[in-house]
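Biologist: Hey, I'm new to this one and would like a tour. Can you pull it up, and we'll chat through it?

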Amino acid sequence: MTIVPARHTTPDLLIIGGGIHGCAAALFAAKRGMSVTVIEKDSVARHASGVNAGGVRRLGRDFAEVPISVRSMQIWHDIPDLLGEDCGFQIAPQIKLAENEDELASLRKRADDLAMLGFEHEVVLDRSRVRELLPAVADHVVGGLACLDDGFAQPFWTTTAFRRKAEHLGAVFVEGVRAERLVREAGDWIVATSAGSYRAPKVLISCGAWSGILAAQLDEPVPVHAIAPLMLVTSRLPAFCNAVVGATGRPLSFKQMPNGTVVIGGGRRGIAEPASNRSEILFSQLRLTADTAISLFPIMASATIIRTWSGIEGCMPDEIPVIGASRKHEGIFYSFGYSAHGFQLGPAVGELMAELASTGSTQTDLSKFSIDRFPSNQCQ
Amino acid sequence: MTRLKDVVIIGAGPAGMACAVEAAAKGLSTVVLDENPQPGGQVYRAIESASENRLRVLGHDYARGRELASEFRQSSGVDYHPGSTVWNIGPDRLVEFSRDGKSSAIRASHLVVATGAIERPCPLPGWTLPGVTTAGALQILLKTSGITYQDTVLTGSGPLLWLLAAQMVDAGSPPKAIVETVPRGRLFNALPELMTALGAREYLLKGMSMIRKVKRAGVRIHVGADDIAIEGSGAVSAIRFRSKGTEHRIATDAVALHQGVVPNQQVTRLLGCRHFWDDSQKCFRPKLSEDRETSCAHVYVAGDGGGIEGAKSAEMQGRLVGLAIAEKEGHGTDPRISELRLTLKREAHVRPFLEKLYAPSRQILHPDDATVICRCEEVTAGSVREAVTQGAPGPNQVKSFLRTGMGPCQGRICGLVVTSVISESGGKSPDDVDYYRIRPPLKPLPLAELADYSADIPGSRDTA
């Protein structure tokens, strides 16, 4: 009797990590005709991809990310066609508020710099235009910067929709399986997991905060560390805001959902414990988020918090991700370290990784995202 | 500076009060945080302010709470904070709570969770209509205000249902009818447990006398009721059910539902204590040591929050935990510890009989597809089953799909039913299906109060 390994244990491409990046890459690779298996140590969208604020935002991105973000936005606008589900995606202005003239001047400069590079999606809002878009905003706000056709979506729903579509095209998802070791053998990668071995010529490492362990094993240590951005949601309020709002001088991500609840987050952090999958809420930090929300939207003084939460995300020292092929090994690809803003990038990066894995190259400039950009190349 | 106390007890019911009395008597600095304005918890609610007449109506078991409350009041060294809502417990047992619109924190060397039980949710067609309440809610009204509803139909099963009925008879407004869901033959099946139950026969005698009192008052009793539906547009107008093969319909504007009580898991789940499914009580319980310590060191559960055993046991468990903590803190071994352990075992003898006899009905554990099971977000049992077939393995994924447990009650009401429905449709045991991850705040917290909150938390844990 010959033992034939299950097809899903010997795919063309093995993806480690079932977040939006892993799921999107699986979909686009399957579209290119590759056989794909995704292994996920917990369940799909369990961490950053299931619990983030859902902002679909080009606004305020690092200039290195802008071309990818712009491409991703095109995919987002067609997401029902791509996935057959709307993922709760809604177009809504993303607005960054200026609370004084200095902040407004810095926003103006940014818009000008971006326009010099040929991107005109960010527009400066004066005092009255901000009030047109956000009637409930506090009196002291002097202006803002906006992307008027950005938006937001439901993160868990979106990520699982990518998964379902990828499955529909033949990709296999295996949950509760943790990648433990990668070894090169006869031109393939053997990935030892908590449930047997997988063999594939190409492997994409996209497991967020946990990616650093595998990269270090492959002799490409990289300072990715785990963070736990804090989020809170209030009970339902009458509709008063249909934009996603941030601030220039302090961390904030603020939006009212279609059901009236208000989701507030934006950078204040709890404590991440990636080894145990747990994160801890720090109310001493979250109180600053509450304070910011009330001072920018006085109506929030009457709101009640129903729940707080936090997910574990991978963060890089320069707060832009690692995207691209390994510098040392054939067939290894990386996509992680999105530093709390990877959700919007998911579709375009997934498309990119599929292109890289199937053709070996891409026209997109990924030099800023290379894994060896850190001089020390040491783990933190 | 955040205060550090030897013992912080959440809840001033029988378990919390008794624990505080014992811990303080041993010289431990003891804090009791309780949501209510007076001590007593649910079972002894408003015990200090009840009139003589109300004490008579509510009966001897209730009146007994007065002694405990006065022992608690007179105990020096108990720092009692009524009107305090605990909304989070951080690492190292930092207890964060709201009182008089302001939040503050106390760090506990030992934390005692004495948050008791909640009524098992009773999802039936029409259970969300105005006019439908729980038996426990009616009893609270009776205890705090001496008010009873006229012509209420009590529906379900369990000792509390009969106790309330007897109290309503004594208050002069007996229920219009009792619709009991215990299936025929259940008593016969429970008989093997009866011999053990005789070890705690006072409960059985008391139960029988309550049932006699209600019957003597002429209350119509329908047994073996099934296929219950509450009718009404805008509010309750009638209850429909099948009993002994006949369809019944009783016109009423008030229905009280009850299917027993279950441990309130919110705090022990938030802390990450290990839990297990108790198939006899049909609920999750925290795993406890003999001294009632959870899998989280220095966190104890006293009372029904650790499993349903009743008020008398809750008081003894509270005393046991108080003494056990004192022993750990070097105050010597109290001889009452072994005595209490023994008596608690004897008291527990009646439980298997009651649990078998009054097990929740099929309709409650496995509601029909059309029945709403998450009231806050209006999610039906059918859509939960649908989410399971779409690949949601447990309550947390169902939550992400459907928003179950995401409303103001944060899963308190729907948690067990959601687990039970997933367990049944996915063919997995409740232990494997598991329960919601509980996120703080435990109770809704005003955003403005959080903005004003500054607990003096040691900087080392702060990342900013």
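Biologist: What do the buried residues of H15(B) pack against?

Modeller: They pack against helix H7 (155-168) of chain A, along with helix H14 (381-389), helix H16 (415-426) and helix H17 (430-433) of chain B. This is a predicted model, where local features need pLDDT of at least 70 and side-chain atom pairs count only at pLDDT 80 or more, while totals for chains, interfaces and linings use all residues. Residues are numbered from 1 along each chain as its sequence is written, chains are lettered from A and ligands numbered from 1 in the order in which they are written, and side-chain values use heavy atoms, with hydrogens and water left out.

Biologist: Which residues of helix H15 of chain B are buried?

Modeller: In H15 (residues 395-402), they are B:Pro395, B:Asn396, B:Gln397, B:Val398 and B:Lys399. Buried means under 20% relative accessible area, exposed means over 50%, and partly exposed is in between (1.4 Å probe, protein chains only). Helices (H or I, at least four residues) and strands (E, at least two) are DSSP runs, numbered from the N terminus.

Biologist: What comes just after H15(B)?

Modeller: B:Arg403, which takes a positive phi of about 75°.

Biologist: Okay, on to the two chains. How many residues does the contact take from each?

Modeller: Chain A gives 36 residues and chain B gives 37 residues, where contact means heavy atoms within 4.5 Å. The area buried between chain A and chain B is about 2900 Å², and carbon and sulfur atoms give 58% of that. Buried area here is the accessible area (1.4 Å probe) that two parts lose on being put together, summed over both.

Biologist: Which three residues of chain A supply the most of the area it buries?

Modeller: A:Phe283, A:Ile306 and A:Arg307, with 23% of the area that chain A buries against chain B.

Biologist: And how many salt bridges does the rule find across the interface?

Modeller: It finds one between chain A and chain B. The side chains of A:Arg236 and B:Glu377 meet in a salt bridge (2.8 Å, N to O). The rule asks for a side-chain nitrogen of Lys or Arg within 4 Å of a carboxyl oxygen of Asp or Glu.

Biologist: Which element gives the most to the side of chain A that touches chain B?

Modeller: H9(A), with nine residues.

Biologist: Switching topic: how many salt bridges are there over all chains?

Modeller: The count comes to 51. One of them joins A:Arg250 and A:Glu99, with the closest N and O atoms 2.7 Å apart. A:Arg250 sits in the loop between strand S16 (244-247) and strand S17 (253-256) of chain A, and A:Glu99 in the loop between strand S5 (94-98) and helix H5 (101-116) of chain A, so the pair ties together parts that are 151 residues apart in sequence.

Biologist: Are those two buried or partly exposed?

Modeller: One of each: A:Arg250 is partly exposed at 24% relative accessibility, and A:Glu99 is buried at 15%.

Biologist: What about chain B, which residue pairs with B:Arg341?

Modeller: B:Asp291 does, in a salt bridge whose closest N and O atoms are 2.7 Å apart. B:Arg341 is in helix H11 (residues 336-347) of chain B and B:Asp291 in the loop between strand S18 (283-286) and strand S19 (299-301) of chain B, 50 residues apart. B:Arg341 is partly exposed at 23% relative accessibility, and B:Asp291 is partly exposed at 21%.

Biologist: Now the core. Which residues touch the most other members of the largest nonpolar core?

Modeller: B:Val112 and B:Leu154, in a core of 59 residues. Helix H1 (residues 14-25) of chain B gives the most to this core, with eight residues. A nonpolar core is a set of buried Ala, Val, Leu, Ile, Met, Phe, Trp, Tyr and Cys residues joined through side-chain atoms within 4.5 Å.

Biologist: Last one: why does B:His258 count as buried?

Modeller: Because B:His258 has a relative accessibility of 2%. B:His258 lies in strand S15 (residues 255-259) of chain B. Leaving aside neighbours within four places in sequence, the contacts of B:His258 include B:Glu119, B:Cys122 and B:Thr155.
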